[in-house]
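Subject: Structure handover

Hi,

Here is the structure I said I would pass on. Have a look at it first, and my notes follow underneath.

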Amino acid sequence: MRRPGRAPTGYLCLVLHSHLPYVRHPEYDDFLEEDWLFEAITETYVPILSACERMDRDGVRYRLTIGVTPPLAAMLGDQLLMTRYRRHLANLRALVEKEVAGHSPGTPLGKLARFYQRFLGDTHEYFEERWHGDLLAAFRAAADRGSVELITCTATHGFLPLMSGEAVRRAQVRVGVEAFRRVFGRAPRGIWLGECAYQPGVDELLVENGIDYFFLDAHGLLHGEPRPAFGVFAPV
């Protein structure tokens with residue numbers, strides 16, 4: 001926030017951290033944990049990406065940082081999982097059609113069923129017809145349009161302070177950067193540290209891999225030496 005003629009009194013940085021554990025199970029035809037990914041695609045990633053497209057199309061000014069971790073990027077780029085997501089979405093749409101047929105429009109359940117009929121139809125159109133199942137391309141396009149900045153994470157969302165040995169921590173950072181570059185065709189400027197966990201020396205590993213900035217828990221700043229003058233309300 002900036003008052004006329006004065007320096008900013010604080011900053012607001014909107015950062016969305018998208019991460020899921022790796023849940024690919026080809027040994028089963030249907031595996032419950034994979035629903036985590038499918039639910040996140042339907043209820044989070046597609047709505048956010050489509051909203052960004054609408055705002056860019058309508059000339060809405062905004063800035064948003066989105067972290068895409070290596071495990072999530074690997075799953076979104078996996079053809080087996082995307083095929084299973086198509087099946088998951090088709091099953092949801094078939095179920096909601098039954099609910100629509102069984103409840104009149106004026107009833108609470110009828111209204112709810114019709115809401116999800118439209119919502120799931122829009123999700124299918126965006127995922128299948130707009131991006132042909134390639135949400136990584138949708139993320140790249142959002143970054144190319146300029147209002148979204150994509151950042152990476154440590155390779156496995158690893159908790160760096162508890163990892164034994166400099167080599168392990170260095171590998172977590174290096175692989176996170178390499179995975180991002182491979183998927184998005186560019187080097188990441190920023191990184192989300194797993195669990196926002198920091199210890200002295202981590203910053204040096206980030207610099208080695210070309211990272212300009214990172215995020216950490218509030219106490220990492222408030223208990224720092226020296227304590228930042230603006231606490232957590234300004235970048236350091």
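A quick word on terms before the details: a residue is called buried under 20% relative accessible area and exposed over 50%, with partly exposed in between. R145, at 34% relative accessibility, is therefore partly exposed. Please also keep in mind that this is a predicted model.

I started with the charged pairs. How many salt bridges does a search of the whole structure find? It finds 15, and a few of them deserve a closer look.

R145 is in one of these, since its side chain meets that of D56 in a salt bridge, at 2.6 Å from N to O. The two partners come from distant parts of the chain: R145 sits in helix α5 (residues 135-145) and D56 in helix α1, 89 residues apart.

E128 and R86 form another salt bridge, and their closest N and O atoms are 2.6 Å apart. Here too distant parts of the chain are linked, with E128 in helix α4 (residues 108-130), R86 in helix α3, and the two positions 42 residues apart. Is this pair buried or exposed? Neither word quite fits: E128 is partly exposed with a relative accessible area of 23%, and R86 is partly exposed at 28%.

Then there is D29 with R87, whose side chains meet in a salt bridge at 3.4 Å, N to O. D29 belongs to the loop between β1 (15-18) and α1 (34-57), while R87 is in helix α3 (residues 79-102), so this pair, 58 residues apart, also links distant parts of the chain. D29 is exposed, with a relative accessible area of 59%, whereas R87 is partly exposed at 33%.

Salt bridges also come as a group: E166, R169, R170 and E208 are linked in a network.

Next, the helices. α4 has 23 residues and spans 32 Å from its first C-alpha to its last, close to the 33 Å expected at 1.5 Å a residue. Just after α4, H132 takes a positive phi of about 50 degrees.

Which residues of α4 are buried? They are G110, A113, R114, L120, G121, T123, Y126 and F127. The cover over these buried residues includes α1, α3 and α5.

The packing of α1 on α4 is worth opening in your viewer. Their axes are 11 Å apart and make an angle of about 70 degrees. Angles of 65 to 115 degrees count as roughly perpendicular, so α1 and α4 are roughly perpendicular to each other. On the α1 side the contact is made by T42, V46, P47, L49, S50 and E53, and on the α4 side by F119, L120, T123, Y126 and R130. Sorted by class, this contact of α1 with α4 has six nonpolar, three polar and two charged residues. L120, T123 and Y126 are also among the buried residues of α4.

Finally, three single residues that I looked at one by one.

P70 is located in helix α2 (residues 70-76) and counts as buried at 14% relative accessibility. Leaving out residues up to four places away in sequence, P70 touches T152, C153, T154, A155, G176 and A179. P70 and F180 are 110 residues apart in sequence, yet their C-alpha atoms are 6.8 Å apart in space.

G194 lies in the loop between β4 (190-192) and α7 (202-208). How much of G194 is accessible? Its relative accessible area is 1%, so G194 is buried. Neighbours within four places in sequence aside, G194 is in contact with C153, T154, H157, G158 and F159. C153 and T154 also turn up in the list of residues that P70 touches. As for E129, which is 65 residues from G194 along the chain, the two C-alpha atoms are separated by 34 Å.

H25 is in the loop between β1 and α1. With a relative accessible area of 17%, H25 is buried. Apart from residues up to four places away in sequence, H25 touches F31, E33, E34 and R84.

That covers my notes.

Cheers

Terms used: Residues are numbered from 1 along each chain as its sequence is written. This is a predicted model: local features need pLDDT of at least 70, side-chain atom pairs count only at pLDDT 80 or more; totals for chains, interfaces and linings use all residues. Side-chain values use heavy atoms; hydrogens and water are left out. A salt bridge is a side-chain nitrogen of Lys or Arg within 4 Å of a carboxyl oxygen of Asp or Glu. Helices (H or I, at least four residues) and strands (E, at least two) are DSSP runs, numbered from the N terminus. Buried means under 20% relative accessible area, exposed over 50%, partly exposed in between (1.4 Å probe, protein chains only). Axes are lines fitted to C-alpha atoms, for helices over the stretch in contact, and angles run from 0 to 180 degrees between N-to-C directions. Angles under 35 degrees count as roughly parallel, over 145 as roughly antiparallel, 65 to 115 as roughly perpendicular and the rest as oblique. Contact means heavy atoms within 4.5 Å. Ala, Val, Leu, Ile, Met, Phe, Trp, Tyr, Cys and Pro count as nonpolar, Asp, Glu, Lys and Arg as charged, and the others, Gly among them, as polar. The expected span of a helix is 1.5 Å times one less than its number of residues.
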